[in-house]
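Please look through the structure below alongside its sequence. The paragraphs that follow visit a few individual residues and the ligand site in turn.

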Amino acid sequence: MERIKQAIEKVKNQTSGGTGPLAQSHPDNHATMTTPRSSQTHNELEDVSYTQTRVIKLRAEHLEKNRIVAFNKSDPKSMIFDLLRTHILQKMEENGWRTLAITSPTPEAGKTVIAINLAMSIAQQTNKTAMLVDFDLRRPKIGAYLGIPMEKSLNDLLAGTAELADVLVNPDMPRLVLLPTRSPVKNSSEMLSSKKIADLIKDLRERYESRIIIFDLPPLLVTDDAIALLPQIDCVLMVVANGMSTKREIEDSLRLLPAENLIGTVLNKAEIEPRAYYY
Ligand SMILES: Nc1ncnc2c1ncn2[C@@H]1O[C@H](COP(=O)(O)OP(=O)(O)O)[C@@H](O)[C@H]1O
Ligand SMILES: [Mg+2]
């Protein structure tokens, strides 16, 4: 824990312009919030017509094998994600938040599965576009779970060998855009607190006002990665897998996040499926 506390202090000092949870302690922080730009709303939904973005067809069978269900309205499990979406969008709207991080105390909680389903569910609301970014730079899984080819990915963008437009993918669903990561990135926590990432988040965030951006992060207690990134994200959803984290781990994780930016906690992998998600 001491190591993580030190990392928080380091990040707080580095990211004085951040607007995310860990940046709240900066008194002049709100000055950096962007103001609505009404001139931009006009055409933005049409803009997401992916003139440049690669369109990739997803296979239902592959998705279902990986517990991705929100694309299929006739799957009763998709309702759980619609409910979660409604709660999350309500809170985000109330607070003027547009970026959401998904993390957990320890690995394998189901963050990536929830992140993908939630992004799909948001995209199905016709007034929102959703972007899903794979910022678990140690164990990136979004591309594999969705079964999308990744000749170009965030890895190439960070290496400077591709432009943003080359790495975005539209998974053949309206209003959903993905930024996948093909392979683990070395020095991921340094990368996540770098100017390159800060500029990327700013760019993604400012491009479309009605876009919700979901960042799939690594767990909080294993590395400094999530802590390095959180100051730049508006709010956090915590995923706790039933029986997979101790009470102490959950408490330690919650202590790392200011309560006002914790949008909710999801209990995942509960035994009885319909009660699998508490919000
Ligand atoms: N509600 C659930 N019930 C059972 N298994 C689940 C559930 N959600 C996710 N999983 C499985 O748990 C594993 C880890 O999920 P993943 O989303 O990759 O976790 P994380 O991103 O938190 O490491 C995957 O095999 C996934 O299919
Ligand atoms: Mg994951």
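**A walk through the predicted model**

S194 is buried, because its relative accessible area is 18% and the cut-off for a buried residue is under 20%. This is a predicted model, and the values quoted here and below are computed from it. Along the chain, S194 belongs to the loop that joins helix 9, residues 188-192, to helix 10, residues 195-207. A polar atom of the S194 side chain lies 2.6 Å from the backbone oxygen of M191, a distance that falls within the 3.5 Å limit for a polar contact. S194 can also be placed relative to a part of the sequence further along, since its C-alpha atom is separated by 9.0 Å from that of A228, and these two residues are 34 positions apart along the chain.

The loop before helix 9 offers another residue to inspect. N187 is found between strand 5, residues 176-179, and helix 9, and its phi is near 50°, a positive value in a residue that is not glycine. Is N187 buried or exposed? With a relative accessible area of 57%, N187 is exposed, because the threshold for that class is over 50%.

A positive phi is also found at R67, where the angle is about 65° although the residue is not a glycine. R67 has its place in the loop between helix 3, residues 60-65, and helix 4, residues 77-95. R67 counts as exposed because its relative accessibility is 58%.

On the other side of helix 4, the loop that leads to strand 2, residues 99-103, contains G96. The relative accessible area of G96 is 43%, and so this glycine is classed as partly exposed, a label for values between the buried limit of 20% and the exposed limit of 50%. The C-alpha atoms of G96 and D234 are separated by 8.8 Å, while along the chain the two residues are 138 positions apart.

V133, by contrast, lies within a strand, namely strand 3, which covers residues 129-134. V133 counts as buried because its relative accessibility is 0%. Its C-alpha atom is separated by 9.3 Å from that of A115, a residue 18 positions away along the chain.

The last stop is the ligand site. The space taken by ligand 1 is the largest pocket of the model, and eleven residues surround the ligand, the closest being K111, T112, Y145, N268 and K269. Which element gives the most residues to the shell around ligand 1? Helix 5, residues 111-123, does so, with three residues. By residue class, the shell consists of four nonpolar, three polar and four charged residues.

Several of the contacts can be followed atom by atom. A polar side-chain atom of Y145 lies 2.5 Å from an oxygen atom of ligand 1, and a polar side-chain atom of T112 lies 2.9 Å from a ligand oxygen. At G110 the protein partner belongs to the backbone, where an N or O atom lies 2.9 Å from an oxygen atom of ligand 1. Of the 570 Å² of accessible area that ligand 1 has on its own, the protein covers 80%.

Notes. Residues numbered from 1 in each chain as written. Chains lettered and ligands numbered in written order. Predicted model: local features only at pLDDT ≥ 70, side-chain atom pairs only at ≥ 80, totals over all residues. Heavy atoms only, no water. Near = heavy atom within 4 Å. Polar contact = N/O pair within 3.5 Å; in protein donor to acceptor, adjacent residues only side chain to side chain. Areas by Shrake-Rupley, 256 points an atom, 1.4 Å probe, with all protein chains shown as cover. 1 Å grid on protein atoms, 1.4 Å probe; cavity = no way out; pocket = protein on both sides within 12 Å on 5 of 7 lines; lining within 4 Å. Sits in = over half its atoms within 2 Å of the grid points. Helix = DSSP H or I, 4+ residues; strand = E, 2+ residues; numbered from the N terminus. Nonpolar A, V, L, I, M, F, W, Y, C, P; charged D, E, K, R; others polar. Buried < 20%, exposed > 50% of the residue type's maximum accessible area, 1.4 Å probe, protein only.
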